[in-house]
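These notebook entries record what I looked up in one structure. I set down each item as I came to it.

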Amino acid sequence: MGRPGYVTVPILSVLAAIGYVYYTTVFLAIPAWLGLATQAGLANAAAFTALAAACVATYAVAVSRDPGRVPASFVPDAEVAESSIHEIKRKGGDLRYCQKCSHYKPPRAHHCRACKRCVLRMDHHCIWINNCVGHENYKIFLVFVLYAVIASFYSMVLIIGGVMHLPKDEQPGSDSSRKSIIVCGILLCPLTLALMVLLGWHVYLILHNKTTIEYHEGVRAMWLAEKAGNPYHHPYNLGIYENLVSVLGPNMFCWLCPISRNIGNGVRFRTSYDIPLSTPPM
């Protein structure tokens, strides 16, 4: 596992996969089906090029953007500590304190062993970006996965069309092109499925305003609550619309825009126990 901020083998593998799929789709599948000299061929090549460029750009940002550091001056507010009843240690009921970083943990922050520091609203550490997915880069990570799913489906359609329209006669290079297109299509099938599962998982998390860590913690908390005969409610679940806004931003038209940022500073979050704020979140 490489240190955060360094280019690793998984990162090079992702870039190589994007390059391979792009080359096969634009320079083999489209010419075989539509022809690059035709209006339809040029339009599809331009559209897929733009989509591939968006994938590379959002991936680069997800890799390079800091997921969110705990401010050195952070000290839990007494009022917040009392209201965030779940943000305490599992044993003893003390405020969450990171012994390795020597500071208090804000709500939803966790220590990453790979990054060797606490990360704000940590979801998970992803080896494919050699970075944590946290408060500051969660949205761009989600947008990248979405673009990758769309690009994979788009490529599959063009590849299937390319295979079906390859010349039947054995022309020089036709057999090689056919094999390359078929191999790319075979590799795309499990990749597209994995990306769809990943996207669906994070859509579920967003709709419930959870992180991957909070989901697994919530399973245990729900079991303990049911065992004690008490109802369990995820404290950050504000309703579907408010959950979407808290992650994707207040402007619905910019939810899938890679240049827009999420809201808040990652240190304090609204909960379902809070009195509705009279002013919008910072």
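Entry 1, an aromatic pair at helix α7. I began with the accessibility of Tyr241 in this predicted model. Its relative accessibility is 45%, so I entered Tyr241 as partly exposed, the class that lies between the limits of 20% and 50%. For Trp255 I noted 12% relative accessibility, and Trp255 therefore counts as buried. I then looked up the geometry of the two rings: Tyr241 and Trp255 form a tilted aromatic pair, 6.2 Å from centre to centre, with 45° between the planes. Tyr241 belongs to helix α7 (residues 240-248) and Trp255 to the segment after α7, so the pair ties together parts 14 residues apart in sequence.

Entry 2, the aromatic pairs of the whole structure. My search of the whole structure returned eleven aromatic pairs. One of them joins Tyr59 and Phe144: the ring centres are 5.1 Å apart and the planes stand at 45°, so I recorded this pair as tilted. I noted that Tyr59 is in helix α2 and Phe144 in helix α4, 85 residues apart, and that the pair thus links distant parts of the chain. Both Tyr59 and Phe144 are buried. I also recorded a cluster in which ring pairs link Tyr22, Tyr23, Phe27, Phe48 and Tyr154.

Entry 3, Asn44. I located Asn44 in helix α2 (residues 39-64). Is Asn44 buried or exposed? I found a relative accessible area of 19% and entered Asn44 as buried, because the limit for that class is under 20%. Setting aside neighbours within four places in sequence, I listed the contacts of Asn44 as Ile30, Leu34, Tyr154 and Leu158.

Entry 4, helices α1 and α4. I next examined how helix α1 (residues 9-33) passes helix α4 (residues 138-164): the two axes come within 8 Å and cross at roughly 40°. That angle makes α1 oblique to α4. I entered the crossing of α1 past α4 as left-handed. Which residues make the contact? From α1 I listed Val21, Thr25, Ala29, Ile30, Ala32 and Trp33; from α4 I listed Ser155, Val157, Leu158, Ile159, Gly161 and Gly162. Sorted by class, the contact of α1 with α4 holds eight nonpolar and four polar residues, and no charged ones. Checking back against Entry 3, I noted that Ile30 and Leu158, both listed in the contact between these helices, are also among the residues in contact with Asn44.

Key. Residues are numbered from 1 along each chain as its sequence is written. This is a predicted model: local features need pLDDT of at least 70, side-chain atom pairs count only at pLDDT 80 or more; totals for chains, interfaces and linings use all residues. Side-chain values use heavy atoms; hydrogens and water are left out. Axes are lines fitted to C-alpha atoms, for helices over the stretch in contact, and angles run from 0 to 180 degrees between N-to-C directions. Helices (H or I, at least four residues) and strands (E, at least two) are DSSP runs, numbered from the N terminus. Angles under 35 degrees count as roughly parallel, over 145 as roughly antiparallel, 65 to 115 as roughly perpendicular and the rest as oblique. A crossing is left-handed if the near helix is turned anticlockwise from the far one by less than a right angle, and right-handed if clockwise. Contact means heavy atoms within 4.5 Å. Ala, Val, Leu, Ile, Met, Phe, Trp, Tyr, Cys and Pro count as nonpolar, Asp, Glu, Lys and Arg as charged, and the others, Gly among them, as polar. Buried means under 20% relative accessible area, exposed over 50%, partly exposed in between (1.4 Å probe, protein chains only). Rings of Phe, Tyr and Trp (its six-membered ring) pair if their centres lie within 6.5 Å; planes under 30 degrees apart count as stacked, over 60 as edge-to-face and the rest as tilted.
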